[in-house]
Each structure stands twice: as C-alpha cells, then as structure tokens.
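Colleague: Before we discuss the packing, could you put the model up so that we can both look at it?

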Amino acid sequence: MQVKRIRDLIKEGQIPVIDAEKGFTICDLTAGYLRDSDDGFTTDSVYGFDGRLNIRPSYQRNSVYSQDKRDAVMMTVLEECPLNTIYFVDKEDGTYEVLDGQQRILSICKYVAGEFAVASDVFPTDLPQDFYNLQANMRDIAQKILDYELEVYVCRGTPSEKLRWFHRINICGEPLNEQELRNSSYTGKWLSDAKARFSSKGGRGVRLADENPNNGASEPLLNGSWNRQEYLETALLWAARHEGHEGKGAIEQYMLDHFADSDASGLWQYFSTVIEWVRGKFTDYNKALKGIDWGLVYERYQNGDLSGNIISKGANEISDRIKELIEDDEVTAKMKGIYLYIIYGEEKYLQIRQFDEKTAKIVYEKQNHQCPYCLKNGITKQYAFKEMQADHIMPWSKGGKTVEANCQMLCNYHNSSKGNAW
Ligand SMILES: [Zn+2]
C-alpha cells in the first residue's frame with residue numbers, strides 16, 4: 001500500500017496541476033465543476049479537477065451536509081487555516097476518487113460555483129458574500145481562495161491493502177459502514193453490476209426483495225436499506241456462505257474471489273433463487289418475514305436439515321398451518337415465532353401458554369406436594385412450591401390444553417428431563 005502526499009506526486013510530475021509550485025489548490029479542485037451538477041443523490045455524476053476527480057464515487061454515502069458545516073469549511077479557507085486531510089484513491093488511469101473529504105470538497109466547489117454566500121471577518125463588511133461578489137469587488141480575497149492549498153493524500157494499492165487502510169482512516173468525518181468500505185476496495189465491472197442490481201432504486205435485486213412478484217405489492221423480505229449497501233451486503237453474505245465462507249471475512253473473501261468477474265450474474269442467480277424460494281413458500285405476507293436470514297434457512301433446507309418440518313410442505317399447506325397456529329389460543333408467540341416454528345419445527349418458538357400460579361397451587365395441593373414421577377420411583381419427598389414446575393400432562397403438540405385437568409406439578413429434575421426421557 002502506497003499513501004503519498006499529493007504535493008510530492010505533483011513535484012515528481014506524476015500529477016499535472018495548474019501551478020506545481022502551489023501544490024493542489026482550490027483552483028485545481030474546482031476546475032470543471034459544474035454548478036448544479038449534484039442532485040445530492042446520484043453517484044458517479046459529480047466531478048472536479050477537470051473531470052479527473054470523481055467527487056461522489058459509487059461507494060460513498062449520499063448525505064446532506066448542514067449549512068453550518070458548509071459555512072465553517074469556507075470560513076476556515078478564508079482565514080487560511082488548514083482543513084483536515086483529504087484522501088483520494090488513485091484509479092491508476094489518470095483519474096482519482098474521493099475517499100474521505102467529500103463534504104468538504106463539495107462545500108468548496110459549491111461556494112466557488114456561486115451557490116451560497118458566507119460571512120467572514122476577513123471581509124470589510126458583515127454581509128455574507130458569494131464568490132461572484134468577491135471576484136467583482138474583492139479580487140485579492142477571491143484569488144486567495146483559489147490559491148488555497150489542500151492537504152491531500154493519495155492512496156494506491158491492492159484491494160485488500162486499500163480496505164485495511166480505509167478502515168484506519170475511517171474515523172473522522174462521516175464514517176463509511178463496513179459494506180461501503182468493502183465497495184471502496186473491490187471496484188470494477190463486477191461491483192458496478194452488483195450495485196446496479198442491489199444498491200439502486202429499481203435494481204432487480206431491490207425489487208425482488210421488496211415486491212411480491214405474485215401481486216406487485218410491497219412485501220419486503222430484507223432489513224436495512226439498499227442505499228446504505230445493506231441489500232448488497234445481504235446478497236453477498238448469502239452467496240459467500242453458499243461458496244463455503246463463514247464468519248468474519250466471508251464477504252471480503254467472496255468479493256476478492258469475484259471482483260474481477262465481468263458481471264455479478266452469479267451473485268444475482270443465488271440471491272434470486274433464495275428469494276423466489278421464500279416467495280414460493282409463503283404466499284401470505286406478514287412483515288415478520290422481513291429480516292429472517294433466508295440465505296441460511298435456504299442452505300439448511302437444501303442440506304435436508306429441515307426435512308419433516310412444515311417448511312418442507314407446499315405453500316397451501318404452510319398457509320393453512322399458519323392460520324391454525326394464529327387461531328390457536330395456546331400459542332402466544334407473535335408472527336415471527338410462528339414463522340420460526342414453521343421453519344425449524346421447534347415448539348419453543350410458539351411460546352405455548354403456561355399455567356398460571358393459581359392453577360399451579362391448586363394442583364400442588366392436590367398432589368400433596370409430591371412429584372408423580374418421583375412417586376413412580378418410590379421417592380415420596382414433599383417439595384416446596386418453588387421447587388416444582390407446572391407441566392402439561394398431554395403436550396400441546398398432541399392437543400393438550402392449558403387447563404387444570406391437564407396440569408401436573410413436577411420436581412425440577414423431572415420437569416427438565418421429561419422432554420427427552422419421558
Ligand atoms: Zn420428580
């Protein structure tokens with residue numbers, strides 16, 4: 001990994017600027033910046049440095065800088081104080097991307113483009129001034145702004161080297177999240193294609209995740225937001241797992257394996273297979289379906305881990321069973337629990353109704369404080385109420401209800417061993 005001051009690269013003749021003596025100035029930065037070229041949203045659409053600097057590359061977050069912060073940047077420049085270090089990524093084709101400093105750069109560009117005015121002690125008046133006014137009436141101040149040298153570091157390296165470096169500098173400003181950081185390192189056709197599918201409004205992956213293709217309704221299955229790269233992150237996590245990568249570093253490994261591919265069709269195929277499988281299993285939507293790790297569920301299903309569970313049945317049977325569970329008074333779980341039960345088959349997810357204390361005490365007295373299983377083993381010990389648990393004689397799964405006639409008090413030992421041993 002190579003991180004160099006732009007001033008040194010300019011001196012070495014590696015980066016041509018207007019005046020090499022002055023270093024990288026606001027004049028260089030703002031050259032070719034077009035007024036209103038930034039809708040604050042679209043990436044890869046805002047350029048400076050004569051088209052050589054991508055100010056809002058696709059991995060950057062779209063965020064609005066407050067007016068106060070914007071003004072503060074220009075006041076710093078006007079008072080000739082230093083701004084924090086800015087980082088560029090060298091694309092090694094004569095162009096650069098802003099890694100850190102996007103908002104500061106945009107503040108400067110917008111000011112020089114005449115988009116806003118600021119007040120400053122360096123002006124002879126208290127009135128806010130825009131750049132056109134300075135050029136017309138305070139030319140020396142306008143020139144000072146254009147000559148202001150920016151402290152820029154330029155990074156160049158392999159994707160994994162860059163990623164490590166980005167983590168290190170990602171502490172000030174508006175930090176990128178994990179997936180935004182990964183995207184900054186594994187750029188190329190593959191990433192562009194992946195982002196077109198998973199990180200843009202109307203992308204195929206975004207639509208598949210958000211809309212039920214059966215009815216066109218908004219029925220989202222993923223947590224997070226595509227704009228923060230969270231859909232892409234989920235798609236990558238699932239695909240990584242499918243290729244045998246687990247845990248921390250799985251997504252990086254997948255990206256490393258694929259970022260040189262010509263497109264992201266493999267990522268898309270696996271993602272769409274998983275989502276279509278989910279849509280095919282659950283025809284009635286509830287928002288509790290959102291955010292379940294469907295990639296993991298699908299893998300386990302494919303491995304046969306879930307065979308015999310309700311999830312292995314057809315959509316109609318699943319739908320009928322869900323309706324029964326919703327109507328079952330004994331089931332107190334919310335929809336999420338019902339879905340987990342459908343998938344994993346474990347009764348704990350249903351939160352079957354428990355006996356209330358009143359019923360438990362009545363049965364405790366009837367049993368003379370003894371445990372029926374202990375009695376079968378010749379143990380006549382009397383337990384304190386606290387030492388016993390209320391249990392369904394006939395379990396819920398066999399139709400047993402939470403009523404006094406179906407209640408027995410068991411000692412802790414037999415209560416906990418009943419599940420397996422009895
Ligand atoms: Zn017992």
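Colleague: Which residues does Phe88 touch, not counting residues up to four places away in sequence?

Modeller: This is a predicted model, in which local features need pLDDT of at least 70, side-chain atom pairs count only at pLDDT 80 or more, and totals for chains, interfaces and linings use all residues. Residues are numbered from 1 along each chain as its sequence is written. Taking contact as C-beta atoms, placed from the backbone, within 7 Å, Phe88 touches Leu53, Tyr96, Glu97, Val98, Leu99, Val152 and Val154.

Colleague: Which helix gives the most to the largest nonpolar core?

Modeller: Such a core is a set of buried Ala, Val, Leu, Ile, Met, Phe, Trp, Tyr and Cys residues joined through C-beta atoms within 7 Å, where buried means that 20 or more other C-beta atoms lie within 10 Å of a residue's own. Of its 46 residues, Phe88, Ile105, Ile108 and Val152 touch the most other members. With six residues, the one that gives the most is helix (a DSSP run of H or I, at least four residues, numbered from the N terminus) α4.

Colleague: Which strands stand at the edges of the open sheet?

Modeller: Strands are DSSP runs of E, at least two residues long, and two of them pair if DSSP finds at least two bridges between them. The six strands run in the order β1-β6-β4-β5-β3-β2, with mixed pairing. Each edge strand has a single partner, so one side of each is left without a neighbour in the sheet, and these strands are β1 (2–5) and β2 (47–48).

How values were computed: A residue is buried if 20 or more other C-beta atoms lie within 10 Å of its own, exposed if 12 or fewer, and partly exposed in between; C-beta atoms are placed from the backbone. Two residues are in contact if their C-beta atoms, placed from the backbone, lie within 7 Å.
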